[in-house]
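Good morning, and thank you for making time for this item. I would like to take you through one structure, beginning with confidence and then turning to the helices and a few individual residues.

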Amino acid sequence: MSDTVARRARSARAPATAQGSASGDPTPVLSMRGLVRSYQSGDRTLEVLKGVDLDVYPGDMVGLIGPSGSGKSSLLHAAGLLEHPDGGQIVVEGRDCSVAGERERTKVRLHKIGFVYQFHHLLPEFTALDNVAMPLRIAGKPRMAARDRAKTLLEQLGLGERLHHQPAQMSGGEQQRVAIARALANSPKVVLADEPTGNLDPATSEAVFKSLFDLCRREGVAAVVATHNMELARFMDRVFGLRDGHLEARDLG
Ligand SMILES: Nc1ncnc2c1ncn2[C@@H]1O[C@H](COP(=O)(O)OP(=O)(O)OP(=O)(O)O)[C@@H](O)[C@H]1O
Ligand SMILES: [Mg+2]
């Protein structure tokens, strides 16, 4: 991605506090308030998140940085309704998921949130096409419509020639692109990506990051991306650092 493109993308949304975008956008697609998470380690309690607040607006591209162990994965897993925090509120498109039952949380997870892990977590015995079509089928889309959408996404990610390959028959970068397509399959409101390029060499890392960025932009999907790579974090509209259990806005210049 050229610097100009990145800067233009960033300036579309001026940096703001974790609770507000300077662009005056409407309702956040994802809102966290007072998120608290601690872990028990022997007789010690490790407080990882000590009251995190964050609003993510439609189409917002948010970078999340912080040293290893600062709580990036803990935050994303709670935000993605994969785990329960110990306290605080998580609101997805106006729906308070912190008080919702498991059935409701599963529904929100399926339709509103896409998750990309550091390791692709694709189903090994299924093709790229079937891996991406899977969440669409689970959401009740007819088979052909699901395959059409999956094919379109994979083609947009440059994988038109890999539709029928299984994960083991693809490179790491290709596998990660399939995982990105899968996360976007049901047209979620927000994609949460936990070091999506952390397992790739630098050149592939940038290419895959750019694919994620461009596809989210094209589909109008917001993203929160945890990364250790400052050069990649720079591409995002806003960047926050996790420090001592709290989020701080960062200006990476
Ligand atoms: N299930 C668990 N039980 C106990 N401690 C945990 C558990 N999960 C995470 N932790 C601890 O919580 C802290 C935050 O972990 P987390 O995985 O959220 O950090 P991170 O910022 O994602 O780190 P990295 O950059 O290495 O992925 C770490 O010190 C970790 O050891
Ligand atoms: Mg992590």
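By pLDDT we mean the predictor's confidence in each residue, on a scale from 0 to 100. That quantity matters here, as what you see is a predicted model. The average pLDDT of the protein is 90, and 90% of the residues score at least 70. Confidence is highest in helix α4, with a mean of 98. At the other end, helix α1, residues 3–11, has the lowest mean, 41. Over residues 1–16 the pLDDT stays under 50, and for that stretch the model has 23 contacts beyond four places in sequence.

Let me turn to helix packing. Two packed helices are described by the angle between their axes and the distance between the axes. I shall give both values for two pairs, each of which includes α6.

The first pair is α5, residues 143–156, with α6, residues 172–184. Their axes are 9 Å apart, and the packing angle is about 135°. Angles over 145 degrees would count as roughly antiparallel; α5 and α6 are therefore oblique to each other. Their crossing is right-handed. Which residues of α5 and α6 meet? On the α5 side they are A150, L153 and L154, and on the α6 side V178, A181 and L184. In terms of class, this contact of α5 with α6 consists of six nonpolar residues, with no polar and no charged ones.

The second pair is α4, residues 128–138, with α6. Here the axes come within 7 Å and cross at roughly 25°. An angle under 35 degrees counts as roughly parallel, so α4 and α6 are described as roughly parallel to each other. This crossing, too, is right-handed. From α4, the contact is made by A128, N131, V132 and P135; from α6, by V178, A181 and R182. Sorted by class, the residues of the contact of α4 with α6 are five nonpolar, one polar and one charged. V178 and A181 of α6 thus appear in the contact with α5 and also in the contact with α4.

Let me stay with α4 for a moment. Its buried residues are A128, L129, N131, V132, A133, P135 and L136. What covers the buried residues of α4? The elements that do so include α3, residues 102–112, together with α5 and α6. M134 also lies in α4. Is M134 buried or partly exposed? It has 17 other C-beta atoms within 10 Å, and a residue needs 20 or more to be buried, so M134 is partly exposed. The C-alpha atom of M134 is separated by 19 Å from that of V190, a residue 56 places away along the chain. After α4 comes G140, whose phi is positive, near 95°.

The next element is helix α2, residues 72–79. This helix is mostly covered, with six of its eight residues buried. Those six are K72, S74, L75, L76, A78 and A79. I would single out L76, in helix α2, which is buried because 22 other C-beta atoms lie within 10 Å. Where its neighbours within four places in sequence are left aside, L76 is in contact with L192, D194, V224 and A226. L76 and V225 are 149 residues apart in sequence, yet 8.8 Å apart in space, C-alpha to C-alpha.

My last topic is backbone geometry. Most residues other than glycine have a negative phi. Which value does phi take at L81, the residue that follows α2? It is positive, near 60°.

S187 also has a positive phi, near 50°. This residue sits in the loop between α6 and β7, where β7 spans 190–194. S187 counts as partly exposed because it has 14 C-beta neighbours inside 10 Å.

D244 likewise has a positive phi, near 50°. Its place is in the loop between β9, residues 238–243, and β10, residues 246–250. Is D244 buried or exposed? With 11 C-beta neighbours inside 10 Å, D244 falls under the limit of 12 or fewer, and therefore counts as exposed.

That concludes the presentation, and I would welcome your questions.

How values were computed:
Residues numbered from 1 in each chain as written. Chains lettered and ligands numbered in written order. Predicted model: local features only at pLDDT ≥ 70, side-chain atom pairs only at ≥ 80, totals over all residues. Axes fitted to C-alpha atoms, helices over the stretch in contact; angles between N-to-C directions. Helix = DSSP H or I, 4+ residues; strand = E, 2+ residues; numbered from the N terminus. Parallel < 35°, antiparallel > 145°, perpendicular 65-115°, else oblique. Left-handed = near helix turned anticlockwise from the far one by under 90°. Contact = placed C-beta atoms within 7 Å. Nonpolar A, V, L, I, M, F, W, Y, C, P; charged D, E, K, R; others polar.
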